[in-house]
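Colleague: Mind walking me through this model? I'd like to hear how you get from the coordinates to each answer.

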Amino acid sequence: MHPRIEDYALIGDEQTAALVGRDGSIDWLCLPRFDSAACFARLLGDEENGHWRIAPKNAGTCTRRAYRPDTLVLDTEWETAEGTVRVSDLMPQRERAPDVVRIVEGVSGRVTVRSVLRLRFDYGAIIPWMRRSGGHRVAVAGPDSVWLRSEPAVRTWGKDFGTYAEFTVAEGERVAFVLTWHPSHEPRPRLVDPYEALRSSVTDWRRWTVRCAYDGPYRDAVMRSLITLKALTYAPTGGIVAAATTSLPEELGGVRNWDYRYCWLRDSTLTLGALLSAGYHKEAEAWRDWLLRAVAGDPGHLQIMYGVAGERRLPEFEVPWLPGFAESAPVRIGNGAVSQLQLDVYGEVLDSLWLTRRAGLSPKPHMWSLQGVLLEWLREHWRQPDEGLWEMRGGRRHFVHSKVMVWVAADRAVRTLEEHPELPGDAAGWRSLRDEVHREVCEKGYDPERNTFTQYYGSRELDAALLLIPRVGFLPPDDPRVVGTVDAVREALGHGDFLRRYDTSDSAVDGLPGEEGAFLACSFWLADALHMTGRTDEARELFEGLVGLANDVGLLAEEYDPVAGRLLGNFPQAFSHIGLVNTALALFGGDGAG
């Protein structure tokens with residue numbers, strides 16, 4: 001039986017990440033970066049597409065597992081008739097090469113353990129050439145080379161294009177495995193001490209988590225979300241990927257399967273708010289600096305997403321040899337939405353930079369001039385229709401959320417000049433733009449008959465992004481139009497106790513067949529909107545329900561199916577964890593949600 005999405009835990013080194021199942025199998029790992037080709041792709045196929053399982057011989061899923069408190073070190077335990085064994089999984093901070101460290105420890109009795117390694121480079125397509133070298137197993141295929149070793153050494157053998165090992169551990173005995181990747185044309189990297197890597201990883205994570213400024217209710221869930229955001233950060237640049245995976249489906253058996261191993265501008269303000277409010281100014285500054293580098297250039301070429309180092313070309317293609325998670329095809333690499341026009345990202349960028357200035361982050365000399373150029377382009381082009389926040393593939397429309405974010409762009413520029421009159425800028429012109437956009441949205445994007453804003457001009461459809469109207473300050477929370485919108489969105493898009501993004505039954509809007517689950521970030525937005533409109537008890541009840549959707553190690557995917565009771569979509573999802581942090585801060589930590 002194929003594992004569920006919630007059966008996985010995350011380990012990583014802030015440059016890439018792996019998913020570890022409850023059966024002790026690493027089923028997804030891209031090396032050397034988040035967006036590199038996977039060498040373990042069982043997640044989207046089967047064992048022949050690559051995996052690495054360490055577990056007691058003939059055992060199934062584990063008895064229990066947990067992260068060591070305030071770390072990304074995963075402990076998985078099996079209780080067997082022969083005794084109890086623990087596997088500790090981690091990816092230590094790399095000096096140069098990525099390492100996966102797996103330490104097997106006897107807890108009681110004497111347990112026979114088996115390791116099965118099937119390396120399959122290029123998303124499960126390429127079987128490497130394996131050889132021995134000085135007690136190591138070495139795999140090579142094209143540009144990729146992987147070294148496997150154990151301490152103390154255990155016997156390994158090849159079978160069915162896999163590498164096997166079998167050994168026994170008694171109470172207190174340990175056997176460590178280290179898998180190291182490097183470019184095949186370079187010499188083997190320096191060996192890491194697996195036991196020292198475990199100690200230093202625990203120390204490093206706890207040194208980082210102690211900086212968290214939040215100490216309210218649900219701290220464990222907030223801390224796990226912040227650790228997950230840190231794990232999804234590409235440390236060399238500060239970019240934060242939306243998720244560690246590609247093509248985990250929004251509908252089981254459906255086609256809504258996308259590559260999320262890139263950095264979205266739509267996440268920028270909410271991400272910065274979460275990091276700043278939780279006390280992580282260094283990480284917020286790194287994300288701000290990534291943002292400035294990524295968007296530099298012609299303002300008309302601003303993209304909705306970029307690669308982890310700011311790459312712009314992310315061509316989308318399908319991988320026909322992978323059947324997809326739970327037969328959900330196609331598996332896609334790259335993301336074709338990169339070429340879409342989304343006017344809202346201009347507002348996200350200007351809002352983010354305004355927030356960092358107010359938070360006191362170290363200024364950048366070119367930051368204000370970049371903001372001015374972006375806004376001037378927007379002033380000339382804001383009347384265009386676009387594909388909208390949700391990357392609709394059914395044609396451009398005048399999406400209300402996009403126009404609201406145009407207003408945000410102008411508003412933040414005006415407020416910056418009011419707070420810093422020494423800066424140059426067309427305050428009167430930008431104020432006029434802000435007022436014009438506001439009037440148009442209220443005239444064309446509002447349905448007075450139903451007392452609600454709509455998904456796009458002239459439509460009767462609704463959109464969960466409308467819940468952000470009070471948060472960004474377009475209208476005050478007590479405005480009757482805001483209260484009416486919150487109620488209308490809740491009624492029209494409710495899915496169980498949670499919320500869809502929009503109605504997918506009209507495929508002409510998003511251009512895709514099929515359905516999707518409740519979108520967790522939008523459900524957190526609903527909790528925020530309920531709180532802002534004076535319904536805090538309802539907001540807290542919804543928040544508690546959302547926290548309860550996390551799996552046994554505290555991780556959330558993009559969506560949830562209330563009928564099947566399953567997580568859906570890419571995993572773990574930064575947008576969902578950002579929502580959790582910001583809503584917790586809003587409900588329990590004062591008005592510090594960003």
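Modeller: Sure, and bear in mind that the model is predicted. Let's start with the aromatic rings.

Colleague: How many aromatic pairs does a search of the whole structure find?

Modeller: A pair of aromatic rings is described by the distance of the centres and the angle of the planes. Run over the whole structure, the search gives a count of 24.

Colleague: Take Trp52 and Phe177: is that pair stacked or edge-to-face?

Modeller: The ring centres of Trp52 and Phe177 sit 6.4 Å apart, and their planes meet at 85°. Planes over 60 degrees apart count as edge-to-face. So the Trp52 and Phe177 pair is edge-to-face.

Colleague: How many residues apart are Trp52 and Phe177, and are they buried or exposed?

Modeller: Trp52 belongs to strand β5 (residues 51–56) and Phe177 to strand β15 (residues 174–183), so to speak of distant parts of the chain is fair: they are 125 residues apart. The cut-off for buried is under 20% relative accessible area. Trp52 comes in at 0% and Phe177 at 1%, so Trp52 is buried, and Phe177 is also buried.

Colleague: And what about Trp157 and Tyr164, stacked or edge-to-face?

Modeller: Their ring centres are 6.0 Å apart and the planes of Trp157 and Tyr164 are at 20°. Planes under 30 degrees apart count as stacked. So the Trp157 and Tyr164 pair is stacked.

Colleague: Which of those two rings is partly exposed?

Modeller: Tyr164 has a relative accessible area of 7%, so Tyr164 is buried. The other ring has 22% relative accessibility, so the partly exposed residue is Trp157.

Colleague: Which residues touch the most other members of the largest nonpolar core?

Modeller: In soluble globular proteins, nonpolar side chains tend to be buried together. Here the largest nonpolar core holds 199 residues, and those touching the most other members are Trp52, Leu226, Trp390, Phe453, Phe474 and Trp525.

Colleague: Which helix gives the largest share of this core?

Modeller: The largest share is 11 residues. They come from residues 400–419, that is, helix α8.

Colleague: Which residues does Trp525 contact, leaving aside neighbours within four places in sequence?

Modeller: Contact here is heavy atoms within 4.5 Å. With the sequence neighbours left aside, the list for Trp525 is Leu270, Leu389, Trp390, Ala464, Ala465, Leu467, Leu468 and Phe575.

Colleague: Is Trp258 buried or exposed?

Modeller: Trp258 is in the loop between β17 (239–240) and β18 (263–264). Among the residues Trp258 touches are Glu250, Arg332, Arg393 and Leu512. The relative accessible area of Trp258 is 9%, so Trp258 is buried.

Colleague: What covers the buried residues of helix α7?

Modeller: Helix α7 (residues 367–381) has 15 residues and reaches 21 Å from its first C-alpha to its last, close to the 21 Å expected. Its buried residues include Trp368, Leu374 and Trp377. The cover for the buried residues of α7 includes α5 (281–295), α6 (344–358), α8 and α9 (427–444).

Colleague: Stepping back, what is the radius of gyration of the chain?

Modeller: The chain has 15 helices and 28 strands. For 594 residues the globule rule gives 25 Å, and the chain is close to that, so it is as compact as a globular protein of that length: its radius of gyration is 25 Å.

Colleague: What share of the residues of the chain counts as buried?

Modeller: The C-alpha trace spans about 75 × 50 × 45 Å along its principal axes. Out of the 594 residues of the chain, the share that counts as buried is 63%.

Conventions. Residues numbered from 1 in each chain as written. Predicted model: local features only at pLDDT ≥ 70, side-chain atom pairs only at ≥ 80, totals over all residues. Heavy atoms only, no water. Core = buried A, V, L, I, M, F, W, Y, C linked by side-chain atoms within 4.5 Å. Buried < 20%, exposed > 50% of the residue type's maximum accessible area, 1.4 Å probe, protein only. Helix = DSSP H or I, 4+ residues; strand = E, 2+ residues; numbered from the N terminus. Expected span 1.5 Å × (residues − 1). Rg over C-alpha atoms; globule rule 2.2 N^0.38 Å. Phe/Tyr/Trp six-rings, centres within 6.5 Å; stacked < 30°, edge-to-face > 60°.
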